[in-house]
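Here is a friendly walk through one model, written with a computational chemist in mind. We start from a single polar contact and work outward from there.

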Amino acid sequence: MKKLNLVFLILISFTALLAQESIAISLKVNGDVNLTRAEKISSLQTGSELYSKDLLESNEDSFAAIKFIDGSTIVKLFPHSILEIFAVTEQGKLNKRSKLDLGELWSRVDHGSGDFEVETPTTVVSVKGTQFLLEVGEDGATTLYTVSGKVEMKNKSDERTVLVQEGEKAYSTGAGLIEVSPYNLEEIE
């Protein structure tokens, strides 16, 4: 009886894994980018399907560009970056909530698509129809550059929130004042 229960449990787990739907695809991978899924590490390849809770880690001189399956959002992960991706379909839209633990990402989010949020160790960035660059230092300090549109940045510890307009950057350590100022394009090139 115990063996039958064990086989049944394994079969259910395997079926649940197969039923999981992909949420994104890797458009381009250059260099050494690791993909961790269900505690297994492999090398991310161009054209790989990605699922919620996948962890991407780019190494030196490496990057990955991914596109979410609804076609609304492209994310480029730069070298020395760690990103965990999540998405769920709600009311017919794919709401994307990812976590950038370290490094840099650039993103383009089409207006009218599902929610797009990126959590860092110190902040949460919420986007609807824009382009932005996000940097997270080893201490968790976060810098946001809004290239077009508007992006909301919120400190996780004190819930302080600012709206960062096109041409502005915001800097936060996660508590207290979020510094907002204009930036030059040379700063992000």
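Let us begin with a side chain meeting the backbone: a polar atom of the side chain of S107 lies 3.0 Å from the backbone oxygen of I74. Please keep in mind that this is a predicted model.

**Around S107**

S107 has its place in strand β10. Is S107 buried or exposed? With a relative accessible area of 0%, S107 is buried. Leaving out residues up to four places away in sequence, S107 touches T73, I74, V75, F116, T130, Q131 and F132. Several of these names will come back below.

The strand partner is worth a look too. V75 has S107 as its bridge partner in β10. Strand β7 (residues 73–77) and strand β10 (residues 93–109) run antiparallel, and 5 bridges join them.

**Strand β7 and its other neighbour**

On to the next pairing of β7. Strand β6 (residues 63–68) is joined to β7 by 4 bridges, and these two strands also run antiparallel. Here I66 has V75 as its bridge partner in β7. V75 is thus named in both pairings, with I66 and with S107. β6 and β7 make a hairpin with 4 residues between them, and G71 in the turn has a positive phi of about 75 degrees.

Why is β7 described as largely enclosed by the rest of the structure? Of its 5 residues, 4 are buried, so the description follows from that count. As background, side chains in a regular strand alternate between the two faces of the sheet.

A charge–ring arrangement is found in this region as well: K76 places its charged end over the ring of F63, 4.5 Å from the ring centre.

**Aromatic pairs and the core**

How many aromatic pairs does the structure hold? There are 3 aromatic pairs. Two of them are set side by side here.

| Pair | Centre to centre | Angle between planes | Type |
|---|---|---|---|
| F116 and F132 | 6.2 Å | 50 degrees | tilted |
| Y145 and Y183 | 5.2 Å | 85 degrees | edge-to-face |

F116 belongs to strand β11 (residues 116–119) and F132 to strand β13 (residues 130–136), so their pair ties together parts that are 16 residues apart in sequence. Both F116 and F132 are buried, and both appear among the contacts of S107.

The tyrosine pair links distant parts of the chain, 38 residues apart: Y145 is in strand β14 (residues 142–148), while Y183 is in the segment after β18 (179–182). Y145 counts as buried at 7% relative accessibility, and Y183 is buried with a relative accessible area of 11%.

F116 and F132 are also part of one aromatic cluster, together with F68. What does F68 touch, not counting residues up to four places away in sequence? The contacts of F68 are I23, A24, T73, V75, I85, F86, A87, L94, K96, S98 and F116. T73, V75 and F116 are found in that list and in the list for S107.

The largest nonpolar core has 34 residues, and F68, L105 and F132 are those with the most contacts inside it. The strand that gives the most to this core is β10, with 4 residues. In general, nonpolar side chains in soluble globular proteins tend to be buried together.

**A second polar site: N155**

Another polar residue deserves a visit. N155 lies in strand β15 (residues 150–155) and counts as buried at 0% relative accessibility. The side chain of N155 has a polar contact with the side chain of S172 at 2.4 Å. A polar atom of the N155 side chain also lies 2.8 Å from the backbone oxygen of G176. N155 and S172 are 17 residues apart in sequence, and their C-alpha atoms are 7.4 Å apart in space. Among the residues that N155 touches are T122, T123, R160 and I178.

**The chain as a whole**

To finish with the wider view, the chain has 1 helix and 18 strands. Of its 189 residues, 38% are buried. Among contacts between residues at least 6 apart in sequence, 40% join residues at least 24 apart.

Note on methods. Residues are numbered from 1 along each chain as its sequence is written. This is a predicted model: local features need pLDDT of at least 70, side-chain atom pairs count only at pLDDT 80 or more; totals for chains, interfaces and linings use all residues. Side-chain values use heavy atoms; hydrogens and water are left out. Rings of Phe, Tyr and Trp (its six-membered ring) pair if their centres lie within 6.5 Å; planes under 30 degrees apart count as stacked, over 60 as edge-to-face and the rest as tilted. Buried means under 20% relative accessible area, exposed over 50%, partly exposed in between (1.4 Å probe, protein chains only). A charge sits over a ring if NZ of Lys or CZ of Arg is within 6 Å of the ring centre and within 35 degrees of the ring normal. Two strands pair if DSSP finds at least two bridges between them. A polar contact is a pair of N or O atoms within 3.5 Å; within protein, one must be able to donate a hydrogen and the other to accept it, and residues adjacent in sequence count only if both atoms are side-chain atoms. Contact means heavy atoms within 4.5 Å. A nonpolar core is a set of buried Ala, Val, Leu, Ile, Met, Phe, Trp, Tyr and Cys residues joined through side-chain atoms within 4.5 Å.
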